[in-house]
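Colleague: I've got a structure to read and I'm not sure where to begin. Could you walk me through it?

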Amino acid sequence: MITGAVKNKIDKIWTDIWAGGITNPLTVIEQLTYLMFIRSLDEKELESEGFENASGEKMPKIFPASAAGQSMRWSRFKNNDPRHIYDVMSQRVFPAIKKLRYGRLPDFNAQGELIEIEDASGRADEGGTAFARYMDDAMFLIPTPQVLQKIITGLDDLYEHDIAELDMQGDLYEYMLGKLATAGQNGQFRTPKHIREMMVELLRPAPDDIICDPACGTAGFLVSAAEYVRRHYEDTMTAEQWDHFAGPMFTGFDTDRTMLRISSMNLMLHSIGRPEIDYMDSVSKQNQISGKFTMCLANPPFKGTVDAESINDNLKAVTNTKKTELLFLALFLRMLKKGGQCACIVPDGVLFGSSAAHKSIRKELVENHQLRGVISMPSGVFKPYAGVSTAVLVFTKTGAGGTENVWFYDMKADGFSLDDKRSEVAGNDIPDIIRRFHSLDGEAERERTEQSFLVPKAEIVENGYDLSINKYKKTEYVPVEYPPTSEILDELDKLEAEITAGLAELRGVL
């Protein structure tokens, strides 16, 4: 989490940019993100050089070995004269990162022109990485050398002294998005990292999985899934699995090109250079993908509706609605292979909504697939961006039923305070959630008064497929014993006498 001291430093950088004349918050975020990415490329290069020196093994290089290529490195230009930094950034670095190919930056010829990168067979890389594809229309908009130097100095201070160990791009971006007036209304805020990691732990992705987030934003879920796979399988993955990991394993869609650029950067920094990151309205007729993925992880947009004419007909066949939160559930079922898993966040209304569309999607999950778990989360999880109550649904696509019991968990704490500050606290149910979800046999004897329990399918059907935990949870009332009425009256008489004596004493003083 971003601390108060770090927030102050980010605010200072933000103020410097605004003072330079850039007043659109989204433009500020874009420019800062480009600079963060440029610095991170040099960090990766320094790590490779350190490994090369220690092991003697040759490592692939990001920056060309030429003088022009090495001048683009953050560590080489950051302490130079502001005008020199500005020239290098605007004339070399920014044009070069827009042409990033195969994890390498292009070189420049003697005339200062970019040299297109070719692959090993000598063919030019026509499509490029997802990052390069969505950088084509990006623009370098830092107005003056002085403003650029202030930003570089501020970011360098942040990286070196405050947040070197954090998920830098994500945490900074999340805080910066909080400055947008529309943040929380258009859904462009990150799912907290610990919630993403919980959902990934519930599904346990493996190296051969094909994972999709059809509302990917900054690609947080894909990054968390990649980190899980690397953490658990790094020492056993084959060359083919590493090649799969570098791109085809991860797919994301969004309708905001800024989000696509940022998600592509984020994935590239996690060794995923060729993900399928595409501009697409996932619930529209444009998206015809069916039965492709083994896993979906998502926090789809909750608010608003979409144009009825643009909605794919096969989604409306499952739930005839314009509400995005319901359409995305139908979309997950369509895009998953049989046996594919999904963990997604939904607003509480999805669990108990009484409309025909709400009931039909819940019936679809319970009757035709395997609904495995409903984790009710407290309303403060998404603060300060939104206060909506949400839940995590976990299900498997079967096409032939399979729901016998549904596991419910009432999350009361996620390790952070549930106010706008979201400070770290001791209470945290997430480890218990993960442990219990993977040991459901032990949940059979749990009482409805406890924090988690199983509910048989028949009972859910009887309740109109209602999936709200309060429908099934029992509250244990503890009787309170009061003293006899005569004792209470005696106590009141005593208090009245004390008040009268006190008033008399006060009058005497006056």
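**Reading the loops and cores**

Modeller: Sure, let's start with a loop: A219 lies in the loop between β3 and α10 (220-233). Keep in mind that this is a predicted model.

Colleague: Is A219 buried or exposed?

Modeller: The cut-off to use is that buried means under 20% relative accessible area. A219 counts as buried because its relative accessibility is 0%.

Colleague: And what about its phi angle?

Modeller: Here's the general idea: most residues other than glycine have a negative phi. A219 goes the other way, with a positive phi near 70°.

Colleague: Which residue has a positive phi of about 55° although it is not a glycine?

Modeller: That's R204. You'll find R204 in the loop between α9 (193-203) and β3 (211-213). With a relative accessible area of 43%, R204 is partly exposed, whereas A219 is buried.

Colleague: Okay, another loop. Where is N287?

Modeller: N287 sits in the loop between β5 (276-279) and β6 (293-298). Its relative accessible area is 0%, so N287 is buried.

Colleague: What is N287 in contact with, leaving aside its neighbours within four places in sequence?

Modeller: With those neighbours set aside, N287 is in contact with M280, D281, S282, N312, L331, R334 and M335.

Colleague: Now the cores. How many residues has the largest nonpolar core?

Modeller: It has 48 residues, and F77, M89, L105, L148 and I151 are those with the most contacts inside it. Several helices each supply at least two residues of this core, including α1 (4-19), α5 (82-97) and α7 (145-161). The helix that gives the most is α2, with 9 residues.

Colleague: Which residues does F77 contact?

Modeller: Leaving aside neighbours within four places in sequence, F77 is in contact with I38, S71, M72, I85, V88, M89, V93 and I152. Apart from the largest core lies another core, of 46 residues, and L333, C342, V346 and V366 are among them.

Colleague: Last thing: how do I read the confidence?

Modeller: Look at the whole chain, then at the weak stretches. The chain averages a pLDDT of 87, and 90% of the residues score at least 70.

Colleague: Where does pLDDT stay under 50?

Modeller: One of the stretches is residues 120-127, for which the model has 7 contacts beyond four places in sequence. Residues 181-188 also stay under 50, and there the model has 10 contacts beyond four places in sequence.

Methods
Residues are numbered from 1 along each chain as its sequence is written. This is a predicted model: local features need pLDDT of at least 70, side-chain atom pairs count only at pLDDT 80 or more; totals for chains, interfaces and linings use all residues. Side-chain values use heavy atoms; hydrogens and water are left out. Helices (H or I, at least four residues) and strands (E, at least two) are DSSP runs, numbered from the N terminus. Buried means under 20% relative accessible area, exposed over 50%, partly exposed in between (1.4 Å probe, protein chains only). Contact means heavy atoms within 4.5 Å. pLDDT is the predictor's confidence in each residue, from 0 to 100. A nonpolar core is a set of buried Ala, Val, Leu, Ile, Met, Phe, Trp, Tyr and Cys residues joined through side-chain atoms within 4.5 Å.
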